[in-house]
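Got the viewer open? Here is a short tour, one selection at a time.

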Amino acid sequence: MISFTVMAITFGVLFLAELPDKTALAGLMLGTRYRASYVFAGVAAAFAVHVTLAIAAGSVLTLLPHRLVQAVVGLLFLAGALMLLMKKDDGDGEHVKAPADQSFWKVSGAGFMLILVAEFGDLTQIMTANLAARYDSPVSVGIGAVLALWAVAVIGILGGRTLMRYVPLRLITRVAAGLMLGLAGLSLVEAVAG
């Protein structure tokens, strides 16, 4: 049986928890470079997998080796920051050019893998498992969680497109690289101190 109250509670809690998270940043950067619908397809699929795992596993997800997850996330953010900083500008650096070789499968696959790895064992995944255990309504929690995470992804992806109209790509890239370096540092410190 589906409970709209449980769906609404889950949506509100996860939306607020995920909004300032690394997912919005990842969606923003992918959204500035690639077709938004392709990026969303990959990101949405990854979130659906995360919610399914959280619902299926319940509180078992809290037993994952947190240090290992944080170390992998930190290294991925570090690699992403370095790739952004080392990327050569294409022309004036002001406009995004859609690369000809960026097929649906390549772009959506990149978005899927980024979110799948970066969000594995994340607070929102653990919160989803806890909400499913608390309310004993896995379908309601699952729907609320997926809709919340998809809403954050849309905000990030479309925010990247809108931002491009007003801010040069070079500046966005430098700021994003700096934020990714910060997130990498935090994740690696948490992995070591954990």
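One term before we start: a residue counts as buried when its relative accessible area is under 20%. Also keep in mind that this is a predicted model.

**Whole chain.** Colour by secondary structure and you get eight helices and zero strands. Going along the sequence, the pattern is α-α-α-α-α-α-α-α. Now switch to a colouring by burial: of the 194 residues in the protein, 41% are buried. Turn on the surface as well. The protein exposes about 10200 Å², with carbon and sulfur atoms supplying 72% of that area. For contacts, take the pairs of residues at least 6 apart in sequence: 95% of those contacts join residues at least 24 apart.

**Thr128.** Select helix α6, residues 123-135, and pick out Thr128 within it. Is Thr128 buried or exposed? Its relative accessible area is 1%, so Thr128 is buried. Show what surrounds it, skipping the neighbours within four places in sequence: Thr128 is in contact with Leu14, Val51, Ala54, Ile55, Val141 and Ala145. Keep Val51 and Ala54 on screen, since you will want them again at the cavity.

**The cavity.** Next, show internal voids. How many cavities of 30 Å³ or more does the structure hold? There is one. The largest cavity has a volume of about 60 Å³. To see its walls, select Phe47, His50, Val51, Ala54, Glu119, Asp122, Thr124, Gln125, Thr128 and Leu149. So which elements give two or more residues to this lining? They are α3 (36-57) and α6. The top contributor is α3, with four residues. Colour the lining by class and you should find four nonpolar, four polar and two charged residues. Thr128 from the previous stop is part of this lining, and Val51 and Ala54, both in contact with Thr128, line the cavity too.

**Ser137.** Last stop: move along to Ser137, which sits in the loop between α6 and α7 (138-164). Its relative accessible area is 9%, and because the cut-off for buried is under 20%, Ser137 counts as buried. Which residues does it touch, leaving aside its neighbours within four places in sequence? Ser137 is in contact with Met1, Ser3, Val6 and Ala132.

To finish, show Thr128 and Ser137 together: Thr128 is in helix α6, Ser137 is in the loop between α6 and α7, and both residues are buried.

Note on methods
Residues are numbered from 1 along each chain as its sequence is written. This is a predicted model: local features need pLDDT of at least 70, side-chain atom pairs count only at pLDDT 80 or more; totals for chains, interfaces and linings use all residues. Side-chain values use heavy atoms; hydrogens and water are left out. Buried means under 20% relative accessible area, exposed over 50%, partly exposed in between (1.4 Å probe, protein chains only). Contact means heavy atoms within 4.5 Å. Accessible areas come from the Shrake-Rupley method with a 1.4 Å probe; for residues, only the protein chains shown count as cover. On a 1 Å grid over the protein atoms alone, a cavity is a set of points where a 1.4 Å probe fits but cannot get out, and a pocket is an open set with protein on both sides within 12 Å along at least five of seven lines; lining residues have an atom within 4 Å of a point. Grid points are joined across faces, edges and corners, and a volume is the space filled by probe spheres set on the points. Ala, Val, Leu, Ile, Met, Phe, Trp, Tyr, Cys and Pro count as nonpolar, Asp, Glu, Lys and Arg as charged, and the others, Gly among them, as polar.
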